[in-house]
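The following exercises practise the reading of a sheet and of its cysteines. Please study the sequence and the structure before attempting each task.

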Amino acid sequence: MELENRILSREIHQLLYEKDFSLGTAESCTGGKIAEAIIAAPGASHYFKGSIVSYADEVKVRLLNVAPQLIEEKNAVSEEVAKAMVEGACDTLNVDYAVAATGFAGPGGGTNEIPVGTIYVACGTKGDVVTMKITGDEGRDPNISNATNQALQLLLKYLAEKA
């Protein structure tokens with residue numbers, strides 16, 4: 001999947017570089033892997049401003065301005081929090097677009113309602129965010145790898161349609 005991520009990263013690079021747009025990431029369960037894949041493309045410094053690895057809810061609240069009530073009501077592993085992370089990253093990092101991931105990569109952390117392997121990825125800009133729910137537990141590393149790949153695919157599709 002690493003080769004596929006490199007290809008996706010270069011395609012994302014072309015869309016952002018040519019139009020002079022900026023990008024950032026807000027990552028929880030992927031721990032910076034999405035940012036790592038994005039910067040694999042030479043010249044990424046032209047458009048990639050940074051990443052906030054918000055593993056703890058307090059960081060989501062403090063740095064990404066995710067409402068604590070939203071986390072309490074919906075859980076940090078939710079579509080709503082993923083969307084809020086994208087919008088928060090756009091504000092905090094001052095970027096045109098952002099991509100985010102939040103979930104339970106495993107092996108622990110899941111519940112009956114939200115089992116391990118449940119990950120939400122989101123991308124977009126303030127006021128226009130798309131999401132994808134990933135399910136299925138293949139183990140911690142494969143879950144993180146899959147979420148990273150799915151986030152890049154979602155971002156590429158979004159940018160191809162909107163940027």
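Three exercises follow, each with a worked solution.

This is a predicted model, in which local features need pLDDT of at least 70 and side-chain atom pairs count only at pLDDT 80 or more, while totals for chains, interfaces and linings use all residues. Residues are numbered from 1 along each chain as its sequence is written, and side-chain values use heavy atoms, with hydrogens and water left out.

**Exercise 1. The sheet**

Determine the order in which the five strands form the sheet, and identify its edge strands.

Solution.
Step 1. Helices (H or I, at least four residues) and strands (E, at least two) are DSSP runs, numbered from the N terminus. Two strands pair if DSSP finds at least two bridges between them.
Step 2. Strand E1 (residues 23–27) pairs with E3 in the parallel sense, over five bridges; here Gly24 stands opposite Ala98 in E3.
Step 3. E3 also pairs with strand E4 (residues 119–125), in the antiparallel sense and over six bridges. Thr102 has Tyr120 as its bridge partner in E4.
Step 4. E4 and E5 are antiparallel, with seven bridges, and Gly124 has Val129 as its bridge partner in E5.
Step 5. The five strands form an open sheet of mixed pairing, in the order E2-E1-E3-E4-E5. Its edge strands, E2 (48–53) and E5 (128–134), each pair on one side only.

**Exercise 2. The faces of E3**

Decide whether the residues on each face of E3 are buried or exposed.

Solution.
Step 1. Buried means under 20% relative accessible area, exposed over 50%, and partly exposed in between (1.4 Å probe, protein chains only).
Step 2. In a regular strand, side chains alternate between the two faces of the sheet.
Step 3. On one side of E3 lie Tyr97, Val99, Ala101 and Gly103, and on the other Ala98, Ala100 and Thr102; all are buried.
Step 4. Strand E3 (residues 97–103) is thus mostly covered, with seven of its seven residues buried.

**Exercise 3. The cysteines**

Establish how many disulfides the model contains, and examine Cys29 and Cys123.

Solution.
Step 1. A disulfide is a covalent bond between the sulfur atoms of two cysteines; the criterion is a pair of cysteine sulfur atoms within 2.5 Å.
Step 2. By this rule the count is zero. Cys29 is in no disulfide, and the nearest cysteine sulfur, that of Cys123, is 15 Å away.
Step 3. The closest cysteine sulfur to that of Cys123 belongs to Cys90, and because the separation is 9.9 Å, the two are too far apart for a bond.
Step 4. Cys29 counts as buried at 3% relative accessibility, and Cys123 is buried with a relative accessible area of 0%.
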